[in-house]
Amino acid sequence: MEPDSPTLPKRTLTQILFVLFLRLVAVACLWFGLQYWGMLVGYSLEGRGRFDLLSVPWQVAAPSLAVLFPVASLGLWLAVSWGPVLWVIAVAIQFLMYALWSGVFGTNSVILVFHGLVALLYGLFRLALWLEERRRADQVTVDLP
């Protein structure tokens, strides 16, 4: 026998697209984390980016990002609240590295533009979800005669 009504509300198209967007960003974060790990263990950059060969600023930034990005990736994939928070922390570190301290870390405008576009899309999704929730809350139903 089937229940009269579903126990879980159906997700809207905006919610489904938002989760898909978060999962795409999660894959990108995992890729960034793997790049940092590859650099730190000497797999990439012909071994010149190994941890013991890095300058002190890179020895602080690279391991932090090598941990933050995969953990943020997990949080984004699961669509939990701490995923975007860790992503913002990792992006803030990269923004400081490549924009503010470019003399030490060099410049990487592609990553900064990518993170800016992702932040813009995230903001637009959150706005759309908020408007959708507000519209749904305005639709009051009365069960009493």
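Visitor: Is Arg50 buried, partly exposed or exposed?

Guide: In this predicted model, Arg50 counts as partly exposed, because its relative accessible area is 32%, and partly exposed covers the range between 20% and 50%.

Visitor: Which residue forms a salt bridge with Arg50?

Guide: The partner is Asp52, and the closest N and O atoms of Asp52 and Arg50 are 2.8 Å apart. Asp52 is itself exposed, with a relative accessible area of 52%.

Visitor: Why would two side chains like that pair up?

Guide: As a general matter, side chains of opposite charge can pair when their charged atoms come close.

Visitor: OK, and how many salt bridges does the count come to?

Guide: The count comes to three salt bridges. Besides the bridge between Asp52 and Arg50, there is one between Glu46 and Arg48, where the closest N and O atoms are 3.1 Å apart, and one between Glu132 and Arg136, with 3.8 Å from N to O.

Visitor: Are Glu46 and Arg48 buried or exposed?

Guide: Both Glu46 and Arg48 are exposed.

Visitor: And where do Glu132 and Arg136 lie?

Guide: Glu132 and Arg136 both lie in helix 5, where they are four residues apart, which is about one turn of the helix. Glu132 counts as buried because its relative accessibility is 10%, whereas Arg136, at 37%, counts as partly exposed.

Visitor: Let's switch to pockets. What is the volume of the largest pocket?

Guide: The largest pocket has a volume of about 230 Å³, and its lining includes Phe32, Tyr36, Trp58, Gln94 and Ile111. The elements that give two or more residues to this lining are helix 1 and helix 3, the latter spanning 82-100, and helix 1 has the largest share, with four residues.

Visitor: What classes of residue make up the lining of the largest pocket?

Guide: Sorted by class, the lining of the largest pocket holds seven nonpolar and three polar residues, and no charged residues.

Visitor: What about the second largest pocket, which residues line that one?

Guide: The second largest pocket, with a volume of about 160 Å³, is lined by Arg11, Gln15, Phe18, Val19, Ala79, Leu129, Glu132, Glu133 and Arg136. You have met Glu132 and Arg136 already, as partners in a salt bridge. By class, this lining has four nonpolar, one polar and four charged residues.

Visitor: Which element gives the most to the lining of the second largest pocket?

Guide: Helix 5, which runs over 109-138, gives the most to that lining, with four residues, while helix 1 also supplies at least two.

Visitor: New topic: which residues make the nonpolar surface patch?

Guide: The patch, about 1,100 Å² in area, is made by Val27, Trp37, Val41, Tyr43, Val67, Val71, Leu74, Trp77, Leu78 and Trp82. Helix 1, at 13-40, and helix 2, at 56-77, each supply at least two of the patch residues, and helix 2 gives the most, with four residues.

Visitor: Where is the place of Val41?

Guide: Val41 sits in the loop between helix 1 and helix 2. Val41 counts as exposed because its relative accessibility is 57%, and the cut-off for exposed is over 50%.

Visitor: One last thing, how far apart are Gly123 and Val88?

Guide: Gly123 and Val88 are 35 residues apart in sequence, and their C-alpha atoms are 12 Å apart in space. Gly123 lies in helix 5 and, with a relative accessibility of 37%, counts as partly exposed.

Technical notes:
Residues are numbered from 1 along each chain as its sequence is written. This is a predicted model: local features need pLDDT of at least 70, side-chain atom pairs count only at pLDDT 80 or more; totals for chains, interfaces and linings use all residues. Side-chain values use heavy atoms; hydrogens and water are left out. Patches are made of residues with over 30% relative accessible area and no salt bridge: like charges are joined within 9 Å, nonpolar side chains (Val, Leu, Ile, Met, Phe, Trp, Tyr) within 5 Å. Accessible areas come from the Shrake-Rupley method with a 1.4 Å probe; for residues, only the protein chains shown count as cover. A salt bridge is a side-chain nitrogen of Lys or Arg within 4 Å of a carboxyl oxygen of Asp or Glu. Buried means under 20% relative accessible area, exposed over 50%, partly exposed in between (1.4 Å probe, protein chains only). On a 1 Å grid over the protein atoms alone, a cavity is a set of points where a 1.4 Å probe fits but cannot get out, and a pocket is an open set with protein on both sides within 12 Å along at least five of seven lines; lining residues have an atom within 4 Å of a point. Grid points are joined across faces, edges and corners, and a volume is the space filled by probe spheres set on the points. Ala, Val, Leu, Ile, Met, Phe, Trp, Tyr, Cys and Pro count as nonpolar, Asp, Glu, Lys and Arg as charged, and the others, Gly among them, as polar.
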